Amino acid sequence: MNQLEESTQLWHNTSALKEKLREEGYLLFREILDLELIREVRNRILDLLWDQDWIDKDFPRAAAKCKADVPIPSHDPRFVRLHTAILSLEEFHRVPFDKSAIELIERLLDDEVIVHPRRMARVVVPSTRWRTVPVHQDYTYVGGSVNFLSAWIPLKDVPIEQGALRILTRSHTDGLHETTDNGKEKGFLDIPEDHPGWLVTDYKLGDIIIFPPTTIHGATDNHSDSIRLSMDVRYQGIREPILKWQTQPPYQPYLPLDWSLYTNGWANSRLVALDERCNVVDSEETVPVRLPISYKSKFF
């Protein structure tokens with residue numbers, strides 16, 4: 001699998017970044033996020049994994065060596081307990097509001113930006129495909145505006161063998177592809193593993209990769225003995241439509257639905273709230289969703 005190409009050197013050249021995003025369907029930046037904050041989030045999550053017995057305590061906590069019997073399915077009580085605790089970390093929700101990230105996205109979208117409150121913590125254990133997210137396009141699971149940008153942020157160093165994100169380059173221009181059922185969830189794509197368009201890389205703390213809602217992507221399998229940590233975030237223009245369920249906590253119906261149950265003691269509970277100017281659509285539509293028949297994308 002070939003390597004993703006970074007765009008850090010183009011940081012100050014907005015027109016070049018937009019052109020590369022339109023052509024390649026992704027932008028990768030190295031070490032632009034607040035490393036102190038990311039380290040704090042990493043350490044808080046490692047504390048939770050240690051305290052909740054996900055980590056093998058015969059090894060240092062920082063190694064995140066996974067215990068053999070950790071839970072996998074979203075409905076498992078231990079999974080619910082862990083992710084409820086992660087989503088209750090105010091520091092976790094501060095990450096996508098990083099000044100560099102917001103400034104970048106606003107330049108790419110030419111708009112004032114909101115961050116979707118629905119942020120996914122990815123705790124990927126080894127030797128299983130259950131929590132490895134298969135190949136997909138984000139619009140299938142997010143809906144709403146066709147002009148949002150997804151961001152994948154490693155919360156610890158993520159080498160390829162630990163389940164790094166891969167991108168199918170230039171896959172964003174063909175709309176939504178026909179999906180399949182992997183036996184557990186719907187909406188995934190059957191793309192050959194040896195497709196020459198697959199790109200991947202080793203990720204470090206402070207990295208961020210950004211891509212449009214129709215870019216085909218997915219995680220590689222975690223072939224290490226450690227737990228992978230990352231988060232998924234979506235950004236969009238403030239007046240673009242956002243479906244109501246994208247304002248709610250993830251992993252429904254297993255986690256608490258009321259954000260107030262997570263934000264007790266926070267200095268800033270607005271981190272999971274939206275500006276009153278936002279165009280929230282109270283839709284009952286369930287995934288997988290389809291692109292509007294007529295749509296215009298900023299990204300191709």
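Is E112 buried, partly exposed or exposed at its relative accessibility? In this predicted model, E112 counts as partly exposed, with a relative accessibility of 36%. The residue lies in the loop between α5 (99–109) and β3 (113–115), and its side chain takes part in a salt bridge with R277, in which the closest N and O atoms are 2.8 Å apart. R277 is situated in the loop between β14 (241–243) and β15 (279–281), so the pair ties together parts that are 165 residues apart in sequence. R277 is likewise partly exposed, its relative accessible area being 38%. The contact belongs to a network of salt bridges that links E112, D275 and R277.

In total, the model contains 16 salt bridges. Another of these joins E5 and K20, with 2.8 Å between the closest N and O atoms. Since E5 is found in the loop between β1 (2–3) and α1 (14–24) while K20 belongs to helix α1, this pair ties together parts that are 15 residues apart in sequence. The two residues are unlike in their accessibility: E5 is partly exposed, with a relative accessible area of 47%, whereas K20 is buried, with a value of 10%. Buried residues are those under 20% relative accessible area, and partly exposed residues lie between that limit and 50%.

Helix α1 also contributes E24, whose side chain meets that of R170 in a salt bridge with an N to O distance of 2.8 Å. R170 is placed in the loop between β7 (165–168) and β8 (180–181), so this salt bridge ties together parts that are 146 residues apart in sequence. E24 is buried, with a relative accessible area of 16%.

Attention now turns to the strands. Strand β13 comprises residues 228–237, and 10 of its 10 residues are buried, so the strand is largely enclosed by the rest of the structure. Several strands pair with β13. The pairing of β3 with β13 is antiparallel and runs over three bridges; within it, V115 has Y235 of β13 as its bridge partner. Strand β4 (residues 120–124) is also antiparallel to β13, in this case over five bridges, and S230 in β13 is the bridge partner of R122. Strand β6 (residues 149–154) pairs with β13 in the antiparallel sense over six bridges, and here W152 is matched with D232 of β13.

Helix α5 precedes the loop in which E112 lies. Which residues of α5 are buried? They are A101, I102, L104, I105, R107, L108 and L109. An α-helix has 3.6 residues a turn, so residues three or four places apart point the same way. The cover over the buried residues of α5 includes helix α1 together with β2 (27–29), β3, β6, β11 (208–211) and β13. Strand β13, which is itself largely enclosed, is thus among the elements that cover the helix.

The two ends of α5 show further local features. At the N-terminal end, D98 caps the helix, a side-chain oxygen of D98 lying 2.8 Å from the backbone nitrogen of S100. Just after the helix, D110 adopts a positive phi of about 55°.

Key: Residues are numbered from 1 along each chain as its sequence is written. This is a predicted model: local features need pLDDT of at least 70, side-chain atom pairs count only at pLDDT 80 or more; totals for chains, interfaces and linings use all residues. Side-chain values use heavy atoms; hydrogens and water are left out. A salt bridge is a side-chain nitrogen of Lys or Arg within 4 Å of a carboxyl oxygen of Asp or Glu. Helices (H or I, at least four residues) and strands (E, at least two) are DSSP runs, numbered from the N terminus. Buried means under 20% relative accessible area, exposed over 50%, partly exposed in between (1.4 Å probe, protein chains only). Two strands pair if DSSP finds at least two bridges between them. Contact means heavy atoms within 4.5 Å. A polar contact is a pair of N or O atoms within 3.5 Å; within protein, one must be able to donate a hydrogen and the other to accept it, and residues adjacent in sequence count only if both atoms are side-chain atoms.
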